[in-house]
Amino acid sequence: MLDKLKQLIKRLLPASDDIMEQAVKSGVWVGVMNVTERGLELLLLVIVASLLSPRAFGLMGIALLTLSSLKKFSELGIKSALIQAEEDNVDDELNTAWTIETARGTVIAVILFLGAPFIASLFNEPAATDLFRVIALSPFIVGLRNPAVVYFQKSLDFHKEFVYRVSGAVAYFVVTVGIALYEPTVYALAIGYIAGDAARFLVSYIADGYRPWPSFDVDVAKKRYSFGKWVTANSILYFLYSRGDDAFVGWALMASALGFYQLAYRLSNAPATEITQTISSVTFSAYSKVQNDVEKLRSGYFQTLRMTTLASFPAAMGIAAIAPAFVEAFFTPEWQPMIPVMQLLAIYGLLRSMGATMGPVWKAVGRPDYIAKLSAVRVALITIFIYPATMMYGIEGTAALITGIYIFPMMPIDTYLIARTVEASPIRVLKEVSYPLVASLGMGAAVTYVYQTVTLNAPVLEFILLILVGIGVYVALALALMFSFNWEVKQNLESIFDALA
């Protein structure tokens, strides 16, 4: 039994010279890693939500929102630039990268610690002052991590990335739940968050033997900044359109409203988030190695699009359909207001997973400016409409706005640009996503029908029944489309199984 397990792990190690095979094997590691991380997080949320109030989640959300803003506005894109670099070995640049990241983390920590009272007053939440000071430890710890973690993605060594990331998730879960059971306050979430960063810091030095030393090479910094500047711009814009709604809700409404909104987002977008991270981690590295071969880029992109939407579309549609049953089964009645927000944001997650297939291509071919410019359009539209939408309809209006802007005009623009980048037709992109969309809509309709007509008087059993119905209907519809309309995902699945054999 042990020998068979060793053989399986060896087959999954991305040691092949074939880039696509490496990407497939790495994708397995990243997929398992993200499922593990997200599973622990969702279990943590269900457990802690029964112990803490929506206000506690809102306060933690404000703290993490502030931390995220400082990190995004100071992002220099060094890691992405090193991954995108054609050179396989970038050891001579790691000390400079580490020095920059350490300085950045220290500055963020000092700003967050000293500015805690002022920041708390902006949200009219003075109780968050001490919370900000605890969270200030996070950027300092992250800045000191081993810069060689860049190789986990650059060399497609995702078995190391798995250990690195999951160690943090486990520490976060264990510490948060342990403290919350003993003393259920918002500090359980904060201390658990710091524990996750500390665990990843330790593993970064255990997993790779490189040891950084403070030094700064101006030429290296300039060399990578030409690429990194667009990553910086996109990082800022990404924060504005992905977290700007959180900031506005926290400022315009109250901490409890932000608690509902953020938890609804995290639950509804869990599959999209993990799929997005998997795509970005694996495909950016793989595309960068074939960035000058349009044919391989086009083939790789459509394979990625098929496999992504095969999994993400039914997950998102299923969440929208089962949201009422899920909240009823696992949360107290005070969490009911987040149900419609979950359903709206699940559709956003569906679109987001599709959009996530495009960014890695643009970064790999040296056009991260596409991402920044598209993000600027989204920020402008959100800025114009978020006030009236939120003030008139509350957090449901915010969720509807975020989803609606992605439906139009952003997705049509994204589709046109990615088709032009890989020298294909926009119609082909739409055709590829039509199959999983049809199957997912059919599944959503079936789940909704069962929820409205079948009553077991046991919320958890009803939730499980809906999950089983959704899986069965989607698999049946997907198989019918594969064999009736020659949906090419069938060939992609066969290739994956062959690569893992």
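How many salt bridges does a search of the whole structure find? The search finds 14 of them, and several are described below, together with the helices, the buried residues and the nonpolar groups around them. The model is a predicted one, and its protein chain has 22 helices and zero strands.

**The chain as a whole**
- Of the 501 residues in the protein chain, 54% count as buried.
- The protein chain exposes about 21700 Å², and carbon and sulfur atoms supply 67% of that area.
- When contacts between residues at least 6 apart in sequence are considered, 81% of them join residues at least 24 apart.

**Salt bridges**
- Glu37 forms a salt bridge with Arg165, and the closest N and O atoms of the two are 2.6 Å apart. This pair links distant parts of the chain, since Glu37 belongs to helix H2 (residues 19-49) and Arg165 to helix H10 (residues 158-182), 128 residues apart. Both Glu37 and Arg165 are buried.
- Arg306 and Glu488 meet through their side chains in a salt bridge of 3.4 Å, N to O. Here too the pair links distant parts of the chain, with Arg306 in helix H16 (residues 294-330) and Glu488 in the loop between H21 and helix H22 (489-500), 182 residues apart.
- Arg306 counts as buried because its relative accessibility is 4%, whereas Glu488, at 37%, counts as partly exposed.
- A network of salt bridges links Arg306 and Glu488 with Arg428 and Glu432.
- Arg243 and Asp246 also meet in a salt bridge between their side chains, at 3.0 Å from N to O. Arg243 has a relative accessibility of 21% and therefore counts as partly exposed, while Asp246, at 7%, counts as buried; the cut-off that separates the two is 20%.

**The nonpolar core and the nonpolar patch**
- The largest nonpolar core has 131 residues, and those with the most contacts inside it are Phe132, Tyr301, Phe331, Trp335, Met338, Met342 and Trp487. Helix H19 (residues 368-421) supplies the largest share of this core, 19 residues.
- Phe132, one of those core residues, touches Ile62, Ala63, Thr66, Leu112, Ala116, Ile119 and Ala120, if residues up to four places away in sequence are not counted.
- On the surface, a nonpolar patch of about 570 Å² is made by Phe330, Val454, Leu456, Val460, Leu461, Ile464 and Leu468. Helix H21 (residues 459-485) gives the largest share of the patch, four residues.
- Leu456 lies in the loop between helix H20 (426-453) and H21, and it counts as partly exposed because its relative accessibility is 40%.

**Two helices in more detail**
- Helix H14 (residues 255-268) has 14 residues, so at 1.5 Å a residue it should span 20 Å, and its end C-alpha atoms are indeed 20 Å apart, which agrees.
- H14 is mostly covered, with twelve of its 14 residues buried; among them are Leu258, Phe260, Tyr261, Gln262 and Tyr265.
- Thr96 is found in helix H5 (residues 91-114), and it is buried because its relative accessible area is 3%, a value under the 20% cut-off. Leaving aside residues up to four places away in sequence, Thr96 touches Ser215, Phe216, Asp217 and Val220.

How values were computed:
Residues numbered from 1 in each chain as written. Predicted model: local features only at pLDDT ≥ 70, side-chain atom pairs only at ≥ 80, totals over all residues. Heavy atoms only, no water. Patch = residues over 30% accessible without salt bridge, like charges linked within 9 Å, V, L, I, M, F, W, Y side chains within 5 Å. Areas by Shrake-Rupley, 256 points an atom, 1.4 Å probe, with all protein chains shown as cover. Salt bridge = Lys/Arg side-chain N within 4 Å of Asp/Glu carboxyl O. Buried < 20%, exposed > 50% of the residue type's maximum accessible area, 1.4 Å probe, protein only. Core = buried A, V, L, I, M, F, W, Y, C linked by side-chain atoms within 4.5 Å. Contact = heavy atoms within 4.5 Å. Expected span 1.5 Å × (residues − 1).
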